[in-house]
Amino acid sequence: MAYSLLSQEALLSHIKAHYEVHEPVSLQYFLRGMNDTYVLTTGQGKYIFRVYRADRRNHSEIAFELDVLNGLHVKGVNVSVPISRKDGAFINDFRVVEGVKYGVMFSYAEGDEKPIHTIEDSYLFGQAVAQIHKETDNFSSEHVRGNLDFKNLIEKPLYTIKSHMEHRQEDYDCLHDLAMRLKAQIVNHLEEGLDWGICHGDLHGNTNVAFTDDGILTHYDFDSCGYGWRAYDIAEFRLAREIHSGHNKDEVEKLWDAFLKGYRDIRFISDNDINIVPVFVALRQLWLFGLCFSESELIGEADFDQGFVDSKIDYFRNLAIR
């Protein structure tokens with residue numbers, strides 16, 4: 001696997017040639033993660049320019065994401081929207097050693113990221129998530145995107161984890177057994193019906209949403225979006241509250257209740273969906289575990305040593321999943 005970082009100077013030159021931008025113009029490399037994020041500052045304001053990794057997203061998958069964003073924008077949902085080039089296209093392609101990297105310019109989400117620690121913010125976030133789900137209930141796109149299903153949430157993570165735990169077969173077998181029990185729990189709930197539709201895929205509430213002082217929320221970074229179970233989508237919010245509260249049960253339940261009240265004030269979600277959320281929380285942890293190993297190939301394994309593996313295995317062994 002190779003990872004090419006585009007020349008900042010060349011990228012800025014490309015942007016000036018293909019977009020209507022007002023001088024003065026500057027480009028700052030802001031964040032390396034699932035993709036490369038740049039902040040573009042122009043005489044008319046700020047924008048975000050994202051360059052997707054060649055090993056993660058193809059043209060069709062990105063076009064699907066942009067269809068979701070444009071569809072939400074048309075329906076009045078506050079999201080960071082793609083900005084078209086002079087020729088009307090949204091997606092740029094850059095030839096690199098590992099293939100093709102695609103880039104897209106987005107509007108800048110006004111406001112600030114902030115950890116959600118209050119009932120008020122949880123309620124607002126619940127409303128905003130419900131609005132995304134509500135306005136995408138009838139979404140369709142001609143472009144192809146992988147579903148947030150058993151294949152991508154269980155099979156692929158287990159495959160990745162197994163390749164990094166060959167020396168810990170007993171621990172891996174325990175993890176595999178747990179994953180099968182999680183799957184069985186979800187299958188049981190499927191018999192009563194689980195809400196399925198467009199998911200953001202990363203609704204933790206700490207980043208990927210900007211709050212303004214007057215309570216307006218703007219969602220961005222739909223790089224993990226796709227069709228999936230809505231219970232999985234909201235499970236990430238609960239998981240984030242567990243982690244950021246230091247697993248303070250009272251605080252988690254207080255914020256979770258406020259989130260659900262906000263959600264249900266905008267859109268219906270069944271008790272069957274809510275009751276399966278703890279299973280999807282565990283499944284999200286499994287997916288993140290696999291992701292960490294995948295990313296270690298690019299950023300090094302220093303942060304994913306045996307102590308890291310120990311902590312994850314302890315977490316999974318202590319889960320109260322029958």
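This passage walks through the charged side chains of a predicted model, along with one of its helices.

Salt bridges come to 24 in the structure, and a few of them are worth a closer look. Start with arginine 317 and aspartate 171, whose side chains pair up with an N to O distance of 2.8 Å. Since arginine 317 sits in helix α10 (residues 306–317) and aspartate 171 in helix α5 (residues 169–190), this pair ties together parts that are 146 residues apart in sequence. The two partners differ in their surroundings: arginine 317 is partly exposed, at 40% relative accessibility, while aspartate 171, at 14%, is buried.

A more local pairing turns up in helix α6 (residues 230–244), where arginine 238 and glutamate 242 are 4 residues apart, so about one helical turn separates them. Their side chains form a salt bridge at 3.4 Å, N to O. Here arginine 238 has a relative accessibility of 13% and falls under the 20% cut-off, so it counts as buried. Glutamate 242 is buried as well, with a value of 16%.

Lysine 16 and glutamate 23 make another salt bridge, with 3.8 Å between the closest N and O atoms. Lysine 16 is partly exposed at 36% relative accessibility. Glutamate 23 reaches 55%, and because that is over 50% it counts as exposed. Elsewhere, salt bridges join up into a network that links Arg56, Arg57, Glu61 and Asp223.

Then there is a charged residue that goes without. Aspartate 273, in helix α8 (residues 271–275), is buried but has no salt bridge. For this residue, the nearest side chain of opposite charge belongs to arginine 267, 7.2 Å away. What aspartate 273 does have is a backbone partner: a polar atom of its side chain lies 2.9 Å from the backbone nitrogen of aspartate 195. Leaving aside residues up to four places away in sequence, aspartate 273 touches Gly193, Leu194, Asp195 and Ala231.

Finally, helix α7 (residues 249–264) makes for an easy geometry check. With 16 residues at 1.5 Å a residue, α7 should span 22 Å, and its end C-alpha atoms are indeed 22 Å apart, so the two values agree. The N-terminal end of α7 is capped by asparagine 248, which places a side-chain oxygen 3.2 Å from the backbone nitrogen of aspartate 250. Further along, the buried residues of α7 include Val252, Leu255, Trp256, Phe259, Leu260 and Tyr263. Glu251 is also on the buried list, together with Ala258 and Gly262.

Notes: Residues numbered from 1 in each chain as written. Predicted model: local features only at pLDDT ≥ 70, side-chain atom pairs only at ≥ 80, totals over all residues. Heavy atoms only, no water. Helix = DSSP H or I, 4+ residues; strand = E, 2+ residues; numbered from the N terminus. Expected span 1.5 Å × (residues − 1). Buried < 20%, exposed > 50% of the residue type's maximum accessible area, 1.4 Å probe, protein only. Polar contact = N/O pair within 3.5 Å; in protein donor to acceptor, adjacent residues only side chain to side chain. Lys, Arg positive; Asp, Glu negative; His and termini not counted. Salt bridge = Lys/Arg side-chain N within 4 Å of Asp/Glu carboxyl O. Contact = heavy atoms within 4.5 Å.
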